[in-house]
Amino acid sequence: MAGIRDPAKQCFPLQEIKSVVSLFRSELTDTSEPNLAMLSIVAGMIENVLTSNRGASSAAGEAVGAVNNTVGIEPIFPVVELPNVEALYCKFETQIKGSVDLSDYKPGYATRSLIKKVSDIVWSSLTRSYYKEKAHLQSLFSLLTGNKLDCFGVAVAVVAACQILGYKDVHMALSEDHAWVVFGEDGTDTAEVTWHGKGNEDKRGQSIKLGVAEGSWLYLNDHPVVCDRMMEVAALVSAINPSVNSSLDSIELASLKQELMWLLYDLGHLKKYPMALGNLGDLESIDPTPSKLTTIELFEEAITAAQNDYDNHHVYPYTYLGGHLYRNFEYKMAMEQWAEASGVISRYNYNREDEEVYKEFMEIANDLIPYIVKTGSAGGSEAATRVVNDPECYGYFLRFYDGICLWEEGSTTPVLHITWAKRFIASLTRFNADIRELVEVESGRYDKLMDEEDEENGQEDDKRESKEDDIKEEMEEIKEEIKIERRVIKTRGDINQNFVRSKKYKRNNRKKVLAESQERTDVKSVDSSNAPLVDPSCSDTMLNTETDFNDFLSTRSNGSAFPGMTMESVMKAESPAEMSFSRRWKTQMSEDEECRDLGENQDSLNSSNDSCLGLPILRPPVAHIILNSAKMLALKDILTTSGKLNMAAIQLQLTAQSQVHVSKRPRSISEYEDFGSLRRRPRRE
């Protein structure tokens, strides 16, 4: 690479946000190869001035000034001179070119050995006595002035070094918490160039295939954001950290980052970068830009990009939107987004390297959701109260934990411990029993996978044969029942058709009864000369009528031993069952007569006579969800019942180490050291 171009030099000195934006625009529009090293140095230089020099003493000065109604520190944008930038750029260029003998490597496309060599050079220049997760260490300015870089910074340095060496095929690949490089003629070769957390030097130069095979979220199941040069500039800008300390941000740096992000957005370089869209949405939620997309629209665009370009393998677009909705008291929609995020994480196996996303879900489960339902059950806010009285919100709650449980399945490390279980139970009890029973649960992917395995083993054929045997046995039982009914009941006269209809409905739905009647016609043989013809469905109803022996006690009302029956009926009856049947038949006849008195015709009786017949009107479930995890499916009856919750059973079920290894993803083939986390977006308090 020829160094800093003349059009870029003309933008110096950089004295305000506008001049910095002009420099970046020049690099993004005037060439297909923006100078990553130069842009990283400039961004790091500005960030260093606006953050590291305004520590605790500056914050204290601002506080004193506020009390005295005076300005403690005036916002001052640093002046960035071209000679300073050129000096640092030449230092980096000399270091790389002086350490790599290009005659040892083929021109055109990079090789794995070249990538390993460059990463070793960057790695060896770092000091060993610093805290690697400290903020503001992601730029080449930090490397060239203090020999310090975080893991993202190392990936940037390697790609920038390969660009200086003339290898244009080396690009960054970004997950939501890690970075590596892709290279080669078709851009499909991968290589580790940095650490993650505590680090593992031996992984540099290796392919990421082992990490992908483990199913860890860290590698997104091989669905990372593979950058071109323009998207790498977007990654540099997205990594700018405006925080001065845990409670103070630099307004100037945040404004610069926001302006640069909009420049990249307008040029179309963020459309396939969900994480950057989320960062821009966060900035807009603090300081909206007129005539630009709203925060919600940016977050929704990030979700769309994750779904369309990365097969819905990215978690943070949903948590970005969920967090924004939570802060704006849109609790129901927030819970829906958290449930969606949980559905995404269920695609992975939990690994100790997934520390950052684990913290994200733990905060949602143990802090945010408990606050919402606790406030709602106490009537603290209208939005929270609607949540605990909404079956859909309860469904989102169950889906959220279902995803966490599925994340744990097949993993070598458990996710849910006693704290998770206690918070789950505490939140669960905030939903009323009548709300819980309005959720209908269906088995999802887990049961379907089990069915596929059963079918492969030939178990479906066994089930089918068993079902046919059951049908044959039932037919034989029906024949025997009809014979017994003829001996027990001697029906006198025709049976009222309305009675038959109502009894059919009470026993089951009408369609099932009609089907049963048709089947029994084939096995029915009645001699009309010996006995009157009896409708089999009616006989079946009679046979299955439960006899309440309290009906025969003289303590019942009306002063009769058999209420509802005349003495003549009692004398003619041959058994207690017939007496009970006769009494109930007459009661039903009177009900039918009342219905007819109201002017209801026969057709209306078939569909709208339930109230006259005393039939309960069932309220259908208003929320339908699909659960996939073994743990939640085992608890579905408890979680959707109106009865008393068995807290001990729920706690034991949730905290039990999952032993279910279904074929939804490959088993772990290797186990690495206990890694920490790559620096990512600042967590919002």
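In this predicted model, Ser40 lies in helix α3, which spans residues 36-51. The residue is buried, with a relative accessible area of 2%. Its side chain reaches the backbone nitrogen of Leu140 at 2.9 Å. Beyond neighbours up to four places away in sequence, Ser40 touches Ser139, Leu140, Phe141, Val156 and Leu236.

Leu140 also marks the start of α7 (140-146), and Leu126 is found in the loop between α6 (112-124) and this helix. Leu126 has a relative accessibility of 7% and therefore counts as buried, the limit being under 20%. Its contacts, with residues up to four places away in sequence left out, are Leu143, Asn147, Lys148, Leu149, Val154 and Trp195. One of these, Leu149, is 23 residues from Leu126 in sequence. In space, the C-alpha atoms of Leu126 and Leu149 are 7.2 Å apart.

At the level of the whole chain, the secondary structure comes to 31 helices and 8 strands. The chain has 685 residues, and 49% of them are buried. Among contacts with a separation of 6 or more, 72% are between residues 24 or more positions apart. The exposed area is about 33100 Å². Carbon and sulfur atoms supply 50% of that area.

In soluble globular proteins, nonpolar side chains tend to be buried together. Here, the largest nonpolar core has 158 residues. Those with the most contacts inside this core are Phe92, Trp338, Phe361, Phe397, Trp407 and Phe424. Helix α8 (residues 151-164) gives the most to the core, with 12 residues. A second, separate core has 6 residues, including Ala173, Trp180, Val182 and Leu218. Phe397 is in contact with Met335, Ile369, Phe424, Ser427, Leu428 and Phe431, leaving aside neighbours within four places in sequence.

An open sheet of 4 strands has the order β3-β2-β1-β4, and its pairing is antiparallel. The edges are β3 (189-191) and β4 (225-226). Each edge strand has a single partner strand, so one side of each is left without a neighbour in the sheet. Strand β1 (residues 171-174) is joined to β2 by 4 bridges. A hairpin links these two strands through 4 residues. Within this pair, His171 has Val182 of β2 as its bridge partner. On the β4 side, β1 pairs in the antiparallel sense over 2 bridges. There, Ala173 stands opposite Val226, and Leu174 stands opposite Val225.

The side chains of β1 point in two directions. His171 and Ala173 point one way, Met172 and Leu174 the other, and all are buried. Helix α6 lies across β2 (179-183) and β3. The helix runs at about 25 degrees to β3.

Strands β7 and β8 pair in the parallel sense. The two strands, β7 (residues 439-443) and β8 (residues 623-627), are joined over 5 bridges. Val439 has Ala623 in β8 as its bridge partner. Side chains alternate along β7. Val439, Val441 and Ser443 point to one face and are buried. Glu440 and Glu442 point to the other face and are not buried.

Most residues other than glycine have a negative phi, and most peptide bonds are trans. Three sites in the model concern these backbone terms. The peptide bond from Phe12 to Pro13 is cis, with omega near -5 degrees. Pro13 is placed in the loop between α1 (6-9) and α2 (17-29).

Asp311 is not a glycine, yet its phi is positive, at about 55 degrees. This residue lies in the loop between α13 (295-309) and α14 (316-327). Asp311 counts as partly exposed, at 42% relative accessibility. Phe329 also has a positive phi, near 65 degrees, and is a residue other than glycine. The loop between α14 and α15 (331-345) holds Phe329. At 54% relative accessibility, Phe329 counts as exposed, because the limit for that class is over 50%.

Definitions and conventions: Residues numbered from 1 in each chain as written. Predicted model: local features only at pLDDT ≥ 70, side-chain atom pairs only at ≥ 80, totals over all residues. Heavy atoms only, no water. Buried < 20%, exposed > 50% of the residue type's maximum accessible area, 1.4 Å probe, protein only. Contact = heavy atoms within 4.5 Å. Areas by Shrake-Rupley, 256 points an atom, 1.4 Å probe, with all protein chains shown as cover. Core = buried A, V, L, I, M, F, W, Y, C linked by side-chain atoms within 4.5 Å. Pairing = 2+ DSSP bridges. Axes fitted to C-alpha atoms, helices over the stretch in contact; angles between N-to-C directions. Polar contact = N/O pair within 3.5 Å; in protein donor to acceptor, adjacent residues only side chain to side chain.
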